[in-house]
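Colleague: I am new to this one. Could you take me through a single part of it closely, the hollow spaces around one helix?

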Amino acid sequence: MKKYIRILIWLGLLPALCMAQQQNRINSDQWTITDALGRRAIERAEAGPQRADKTVAMFYWTWHQGQDDTTYQIKNISEIVRQFPEAMRDYNHPAWGTKKPGYFYWEEPLLGYYKTTDPWVLRKHAELLADAGVDVVFFDCTNGSLTWKESYEVLFETWDRAQREGVKVPKIAFMLPFGPVPNALVSLRQLYTDVYRPGRYENLWFIWKGKPAIMAYPDHLETSGTDREIAEFFTFRPGQPDYVDGPSRPDHWGWLENYPQHGYVENQEGGFEQVTVGVAQNAGPSTDGHCSAFNLPGTYGRSFSQRNGFDPRVEGYLYGWNFQEQWDRAFQIDPELVFVTGWNEFIAGQWLPEDNWTGDPFSFVDQYDWEHSRDIEPNKGWGDRGDVYYLQLVDNVRRFKGMEALAMPSAEKTIPLGQTMEWNDVEPYYAHYKGNTGHRDHRGRYDQYYVNRTGRNDIVGAKVARDTENVYFYVQTAATLTPSNDPNWMLLFIDTDRNKETGWCGYDVVVNRISPSSGQVIIERNVGNRWEWEEVARGPMKVSDHILELAIPKAIVLDTEKVLNFEFKWNDNMQETGNIMDFYVNGDTAPGGRFNFVYQVQ
C-alpha cells in the first residue's frame, strides 16, 4: 500500500485522489430540510462554522428483542384512549387485555413495531442519526443486569458494515444501572469480557478523555484481576437518575432533567463536560418535579415549558416547546457534550399503586401518549408530521455544532448526454449512501412480521450542470439501472423556488413520474399544492449502465429572480405516492426523508 501511495505522489495524482475522496464524502451539512409545520432547519450562514470540540449523544433503546408470544396483539395506548376514553379509569377494562402488567406502545414507530434485531431497521437508524449529526448512542442497560446482547450483536454488525459503506454511524456506549449495585458489576464485567477486552468492533467505540466511555459506577470493583483491568480501561461517568437534584459526585453525568438543567463535570476551562436535553419529563408539580407516572395530571409533556406553561392548542405537542427550552439551556451552558433523551423507547408498563408508582388507578411511567412521551424517532400516528421532532433535532444539533459551508457549483458547461466523462470536472458531487437497498424479512414484536422488498436502484451520487439553455442532471447508482418502464423509476423532485408553501411539500416539478419513452423524460409541474401534476415539457435522457443523465429547459427551474437556486432529490420506487413519509421507508431516496440537495449559483 505504501509503495502504491509513493507512486501516486511521484505521478502527481495523490492530490486529485484526495480531492475525489473529499468530494465523495457524505455530508448532511450540505442539505436543507423543512418540516410539515413549515420550520426550516438552520443553515450555515446563521449556524456558523463547525465546532470540532462539540459532541451530541442520544439515548437509544436496544431492548426491543426476545421471543414474543405471537398470539399477543400489540397494544397502542394512544389508539386505546381515543377509542375507549373510559379505559383510563379502569385497570380491568377489556381494551387493556389480560396480560398484566402488560407492555404498551404510546404510538407505532414509522418503521413498524420492530425488533432491534432487524438489520433493515438498524441500517435506517444509522442513517437517520448520522444525517442529524448525532455522534454517539448510549444503550439503555439500566434495569437489572440486562445488556440486550442479542440486539447489540446485530447492531454492531449492521453499523460496522454501514460505516464501511460511507455512513458516519454514531459511536456506541452503554449506560448501566443508576447506582453502585451488584447488578451493575455483573453488566460491567460481561460487557468488558464480551466486547471491550477482545477489541470487538473497536471502530465503533465512543472514546471520551482518551478511553472508551461508559456510564457506570466503578465503586465496588476489586483491586486485582479483571476488575483492575476494567477500572483502568474505561472513562467512567456514573449516571445520576434524578430530574431535580443535579450531580452529587464530581464524575456524575445526567440523562434527563427538568429545566433549568445542571452542568455536569467541570472541565479545566471552567465550563462543563455534559448537559442533558429531554423531549419531555415524567415529572410534575405533584411530586415536586421528581420522577413519577407520565399519566399524572400536570406532568411536563411535549407542549410544556417552565417559562410559559402549556401550549393550549389541541396539537400543541407538535411544536416541541419543552425540547426547545432544554436546548436553549444547553446553548447557555455550552458544554462539550449534549445528551439527548431519547430516540426509540416507545413502550411502557401499566403499573398499579402497589408497584410503588403514583398514578390513579394505574401508572404509565416512561411513556403514555402523544403529549406524554419522549421519543424522537418518526412515528406513524402523526401522519405527515411524524418527523417534526427529528427536524427539531437536526436544527439544534446544527446550532450546537456549527456547519460546513455550502459547496458552490462549478462554471457553466454544456453536457452532451451520453458522454459521461464530460461530468468529471463538474462540481459539487452530491454523494449518498451505498448499500441501503437491502430487503426486509424479519419478525416484529409479538404478532407482527415485516417484509419490504422495495429496495431496487441504489442511488449513490448526483451532479448538476447548466448552460444558457438547459439544466443537466446526473445520477449514479451502485449497479446497472433497472429498465426505465419499472413503476416509479428514478423520480427527480425539484423545489424551484425553495418555498415550501408552493408545490407538493414544496416540490414544484417532478420528472419521471410518468415513465420515460423514446429517450425522453416527461417533466411535470405541480397543480394546487397537492399530489397533482401536469406535463409542461419533455427532455432528452441517456442511460449508460449505472448512470442516468437528463436535461431540463432552464426556464422551468429558474425562480422568480431568474437565478438558479433550487433544491432537489432523487427517489426510486416510492410506494405511497403523495405521502412524503414514504421517503423514509421505501425504495431509495437521496438525500433521505425530507432532506434536499441544494444547487445555488452565486
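Start with one small space: which residues line the second largest cavity?

Modeller: Keep one thing in mind from the start. This is a predicted model, in which local features need pLDDT of at least 70, side-chain atom pairs count only at pLDDT 80 or more, and totals for chains, interfaces and linings use all residues. Residues are numbered from 1 along each chain as its sequence is written, and side-chain values use heavy atoms, with hydrogens and water left out.

Now your cavity. Its lining is made by Leu110, Leu111, Lys124, Leu128, Glu377, Pro378 and Tyr584. A cavity is a set of points, on a 1 Å grid over the protein atoms alone, where a 1.4 Å probe fits but cannot get out; a lining residue has an atom within 4 Å of a point. The volume of this second largest cavity is about 50 Å³. Grid points are joined across faces, edges and corners, and a volume is the space filled by probe spheres set on the points.

What kind of wall is that? Five residues of this lining are nonpolar and two are charged. No polar residue takes part. Here nonpolar covers Ala, Val, Leu, Ile, Met, Phe, Trp, Tyr, Cys and Pro; charged covers Asp, Glu, Lys and Arg; the others, Gly among them, count as polar.

Two of these names come back next door. Lys124 and Tyr584 line the second largest cavity. Lys124 and Tyr584 are also among the residues closest to the centre of the largest cavity. The largest cavity has a volume of about 210 Å³. It has 17 lining residues, and Lys124, Glu127, Phe583, Tyr584 and Gly592 are the closest to its centre. Across the model, three cavities reach 30 Å³ or more.

The helix to follow is α5. It runs over 119–132. (Helices are DSSP runs of H or I with at least four residues, strands are runs of E with at least two, and both are numbered from the N terminus.) In the lining of the largest cavity, α5 has the largest share, with four residues. Both α5 and the strand β29, at 588–590, supply at least two residues there. The wall of the largest cavity is mixed: six nonpolar residues, seven polar and four charged.

α5 also touches another helix, α6. On the α5 side, the contact uses Pro119, Leu122, Arg123, His125, Ala126 and Leu129. On the α6 side, Val154, Leu155, Thr158, Trp159 and Ala162 meet them. Contact means heavy atoms within 4.5 Å. Eight residues of this contact are nonpolar, two are polar and one is charged.

α6 has a further partner, α7. There, Lys149, Tyr152, Glu153 and Phe156 of α6 meet Gln190, Leu191, Asp194 and Val195 of α7. This contact holds four nonpolar residues, one polar and three charged.

Now the open spaces. A pocket is an open set of points with protein on both sides within 12 Å along at least five of seven lines. The second largest pocket holds about 600 Å³ of space. Among its 30 lining residues, Gln50, Gly133, Asp135, Lys168 and Lys401 are the closest to the centre. Here α5 appears again: α5 and α10, at 388–401, are the elements that give two or more residues to this lining. The largest share, four residues, comes from α10. By class, the lining has twelve nonpolar, seven polar and eleven charged residues.

The largest pocket has a volume of about 690 Å³. Of its 27 lining residues, Trp63, Asp140, Asn143, Glu345 and Asp366 lie nearest the centre. The strand β16 gives the most to this lining, with four residues. The count is 18 nonpolar, three polar and six charged.

β16 also leads to a detail in the backbone. β16 covers 347–351, and the loop between β16 and β17, at 363–364, holds proline 361. The peptide bond from aspartate 360 to proline 361 is cis, with omega near 5°. Another cis peptide bond joins tyrosine 259 and proline 260, where omega is about -5°. Proline 260 sits in the loop between β10 (253–254) and β11 (264–266).

To recap your starting point: the second largest cavity is bordered by seven residues, among them Lys124, Leu128 and Tyr584.
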